[in-house]
Amino acid sequence: MPLAALHDLYVEQLRYLHSAEDQLVKALPQMAEGAAAPELRASFERHARVTEQQAERLGLILGGLGVKVTGTKCKAMAALIAEARDVLDSATHPAVLDLALIAAALRIEHYEIVGYECIRTYAKRLGFKDAAALLAQTLEEEEEAEERLSLLAQSVILFEAEAARSSETRKRKASSGRTKEKSARKRS
Ligand SMILES: [Fe+2]
């Protein structure tokens with residue numbers, strides 16, 4: 001579509017974001033299923049439900065402009081989701097899998113945040129106040145999701161560090177126990 005005016009760009013970006021959300025509605029349940037930590041699974045499941053509403057909001061805005069939502073595919077989101085699927089196939093350790101899934105989801109969130117910041121600005125500039133308010137609501141949800149994922153990443157890392165420390169302490173105790181046994185046997 002030729003982009004001769006800001007309105008054209010606004011419509012095009014709305015359609016790309018609608019395609020992005022639509023792809024995510026299908027991908028997030030798979031990411032939830034693959035997550036090891038129950039908190040991460042719950043977070044993906046919750047965001048899948050929120051994403052459905054975000055897609056509906058975009059459909060509503062496009063419908064108000066008399067534009068069809070079909071016919072545009074967001075290739076960037078398809079690539080980001082493909083990377084998240086690769087993680088599900090390749091990570092074997094549960095904490096590494098969760099951290100990799102969080103990293104993939106954070107990339108997705110950042111992509112969406114930039115997209116919504118742009119179209120909210122265009123909506124304001126074009127005088128579409130209701131649309132700007134709807135887009136601001138979605139932007140807030142994406143920022144919340146980004147924050148929640150970052151906090152989850154920190155807790156997975158802390159849990160892993162704690163687990164590694166406990167296992168190291170257990171190994172050290174077991175090895176010092178064996179040394180004491182050996183010296184006791186030598187003495188007897
Ligand atoms: Fe979204």
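These are my notebook entries on the helices, the core and a few residues of this structure.

**Entry 1: the overall layout**

I started by reminding myself that this is a predicted model. I then counted secondary structure and got 5 helices and 0 strands in the protein chain. Read along the sequence, the pattern is simply α-α-α-α-α. Next I looked up burial: 30% of the 188 residues are buried. I also checked how far along the sequence the contacts reach. Taking contacts between residues at least 6 apart in sequence, 72% of them join residues at least 24 apart.

**Entry 2: the core**

I went to the largest nonpolar core, which holds 40 residues. The members that touch the most other members are M31, A84, L101, A105 and I119. I then asked which elements give two or more residues to this core, and found α1 (6-34), α2 (38-64), α3 (75-90), α4 (94-125) and α5 (129-187). The top contributor is α4, with 11 residues.

I picked M31 for a closer look. Setting aside residues up to four places away in sequence, M31 touches F44, A84, L101 and A105.

**Entry 3: α1 against α4**

How do α1 and α4 cross? I find their axes coming within 10 Å, at roughly 155 degrees. The cut-off for roughly antiparallel is over 145 degrees, so α1 and α4 count as roughly antiparallel to each other. I noted the crossing of this pair as left-handed.

I listed who makes the contact. From α1 I have L6, L9, Y10, Q13, L14, L17, A20, L24, M31 and G34. From α4 I have L101, A105, I108, E112, G115, C118, I119, Y122, A123 and R125. Sorted by class, the residues of this contact come to 15 nonpolar, 3 polar and 2 charged.

**Entry 4: α3 against α4**

I did the same for α3 and α4. Their axes are 9 Å apart and the angle is about 175 degrees. That puts α3 roughly antiparallel to α4. On the α3 side I see A76, M77, L80, E83, A84 and V87. These meet L97, A100, L101, A104, A105, R107, I108 and Y111 of α4. The class count for the contact of α3 with α4 is 12 nonpolar, no polar and 2 charged.

**Entry 5: α1 against α3**

That left the pair α1 and α3. Are they parallel or antiparallel? The axes come within 10 Å and cross at roughly 5 degrees. The limit for roughly parallel is under 35 degrees, so I wrote down α1 as roughly parallel to α3. The α1 residues in this contact are S19, A20, Q23, L24, A27, M31 and G34. Those from α3 are M77, A78, I81, A84 and L88. I make the split for α1 with α3 9 nonpolar, 3 polar and no charged.

**Entry 6: L101**

Back to L101, one of the core residues named for touching the most other members. L101 lies in helix α4 and has 27 other C-beta atoms within 10 Å; burial takes 20 or more, so L101 is buried. I looked up its distance to M31: the two are 70 residues apart along the chain, with 7.3 Å between their C-alpha atoms. Leaving aside neighbours within four places in sequence, L101 is in contact with M31, G34, A35, L40, A84 and V87. Among these, M31 and G34 are on the α1 side of the α1 and α4 contact, while A84 and V87 are on the α3 side of the α3 and α4 contact.

**Entry 7: Y122 and A123**

I finished with two residues further along α4. Y122 lies in helix α4 and is buried, with 20 other C-beta atoms within 10 Å. Which residues does Y122 touch, not counting those up to four places away in sequence? I find L6, L9 and Y10. The C-alpha atoms of Y122 and L9 are separated by 8.5 Å, with their positions 113 residues apart along the chain.

A123 is also in helix α4. A123 is buried too, having 21 other C-beta atoms within 10 Å. I looked up A123 and Y10: they sit 113 residues apart in sequence and 7.3 Å apart in space, C-alpha to C-alpha. Leaving aside neighbours within four places in sequence, A123 is in contact with Y10, F128, A131, A132 and L135.

Methods:
Residues are numbered from 1 along each chain as its sequence is written. This is a predicted model: local features need pLDDT of at least 70, side-chain atom pairs count only at pLDDT 80 or more; totals for chains, interfaces and linings use all residues. A nonpolar core is a set of buried Ala, Val, Leu, Ile, Met, Phe, Trp, Tyr and Cys residues joined through C-beta atoms within 7 Å. A residue is buried if 20 or more other C-beta atoms lie within 10 Å of its own, exposed if 12 or fewer, and partly exposed in between; C-beta atoms are placed from the backbone. Helices (H or I, at least four residues) and strands (E, at least two) are DSSP runs, numbered from the N terminus. Two residues are in contact if their C-beta atoms, placed from the backbone, lie within 7 Å. Axes are lines fitted to C-alpha atoms, for helices over the stretch in contact, and angles run from 0 to 180 degrees between N-to-C directions. Angles under 35 degrees count as roughly parallel, over 145 as roughly antiparallel, 65 to 115 as roughly perpendicular and the rest as oblique. A crossing is left-handed if the near helix is turned anticlockwise from the far one by less than a right angle, and right-handed if clockwise. Ala, Val, Leu, Ile, Met, Phe, Trp, Tyr, Cys and Pro count as nonpolar, Asp, Glu, Lys and Arg as charged, and the others, Gly among them, as polar.
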